[in-house]
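This report follows the side chains of one protein chain, starting with charged partners and moving on to cysteines and nonpolar residues. Please keep the sequence and the structure in view while reading.

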Amino acid sequence: MLVDSHCHLEYKGLVENREAVLARARAAGIGAFLNISTRQSEWVQVVGTAAREPDVFASVGIHPHEADAHQDLGRAALLEATHHPKVIAIGETGLDYYYDKSDRDIQKSLFRMHIDVARETQLPLIIHTRDAEDDTHAILDEEMGKGAYPALIHCFTASAGFAEKVLALGLTISLSGIVTFKNAKDLQAIAKNIPDDRLLVETDSPFLAPVPHRGRVCEPGYVADTAAFVAGLRSVDVEHLAAVTTNNFFNLFKKARP
């Protein structure tokens, strides 16, 4: 069994044929899916899919690209959304200075609000960070000083130094299909050294299809290809990697346990 710890089942490319997409993934051995939200208007659909599908779970949160449009969201709305039994995570949230689609101060404020709700609920925080390593670490470190909260860096593409810093804070690192790309040598080196108990795999579908599916719409079933590649990097068999990452998923996302 494998888990796709980050997918967007409501996005174009998947939502039109969601039942078939999930069926293909289940046939490939994927036993659980975490359906991620990026804006408040998605929450009903994301949670609704999780409510209908026993092996699909949901997150609630605001992507940094959407921060400007949600600066008045308020922690009460986010906290209330976490009460649904299939909502097992907060996010995705974080900082994105590559595209800068939202004001950086508003991104930081919303990021801290998500952390606050994650601390209160102890639901894991799913973090997106791009070209914002210093500020991301500074906020995570400062907020961890106010009280511990579970968290992961999703679709990790940052530096080895940043990996060391977030691992030292107790975070988990999730690898997407990017790790299979030919030009991802630095990431592949990092992937070899992530501790066994801090590793997850994901697709971030419908984006970032791994080798050998480059150029296609990414599907949750393709997490099997990423897992096989990471297993090869770490010189373990894929069954071992599947067992480790599945165990890590349910240890981190405790609300998803049967």
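In this predicted model, K146 counts as exposed, with a relative accessibility of 52%. Its partner E143, by contrast, is buried, with a relative accessible area of 4%, and the side chains of these two residues meet in a salt bridge in which N and O are 3.1 Å apart. This pair does not stand alone, for salt bridges that share partners join R75, R112, D116, R119, E120, E142, E143 and K146 into one network.

Within that network, D116 takes part in two of the pairs listed below. The table gives the N to O distance for three salt bridges, and a search of the whole structure finds 16 of them.

| Salt bridge | N to O distance |
|---|---|
| R75 and D116 | 2.7 Å |
| R119 and D116 | 3.5 Å |
| E143 and K146 | 3.1 Å |

The bridge between R75 and D116 links distant parts of the chain, since R75 lies in helix α3 (residues 75-81) and D116 in helix α4, 41 residues apart. Both ends of this bridge are partly exposed: R75 has a relative accessible area of 30%, and D116 has a relative accessibility of 27%. R119 and D116, on the other hand, are three residues apart in helix α4, so about one helical turn separates them. R119 is buried, with a relative accessible area of 17%.

How many disulfides does the structure hold? There are zero disulfides. C155 is in none, and the nearest cysteine sulfur, that of C218, is 10 Å away. For C218, the closest cysteine sulfur is that of C7, and because these sulfurs are 9.4 Å apart, they are too far from each other for a bond. Both C155, at 12% relative accessible area, and C218, at 0% relative accessibility, are buried.

The nonpolar residues complete the picture. In soluble globular proteins, nonpolar side chains tend to be buried together. Here the largest nonpolar core has 71 residues, and those with the most contacts inside this core are L125, L140, F156, L171 and L175. Helix α4 (residues 104-121) contributes the largest share of the core, namely seven residues. Leaving aside residues up to four places away in sequence, L140 touches F111, I115, I127, Y149, I153, V166, L169 and L171. Apart from this core lies another one, of 15 residues, including I88, A89, L152 and L252.

Key
Residues are numbered from 1 along each chain as its sequence is written. This is a predicted model: local features need pLDDT of at least 70, side-chain atom pairs count only at pLDDT 80 or more; totals for chains, interfaces and linings use all residues. Side-chain values use heavy atoms; hydrogens and water are left out. A nonpolar core is a set of buried Ala, Val, Leu, Ile, Met, Phe, Trp, Tyr and Cys residues joined through side-chain atoms within 4.5 Å. Buried means under 20% relative accessible area, exposed over 50%, partly exposed in between (1.4 Å probe, protein chains only). Helices (H or I, at least four residues) and strands (E, at least two) are DSSP runs, numbered from the N terminus. Contact means heavy atoms within 4.5 Å. A disulfide is a pair of cysteine sulfur atoms within 2.5 Å.
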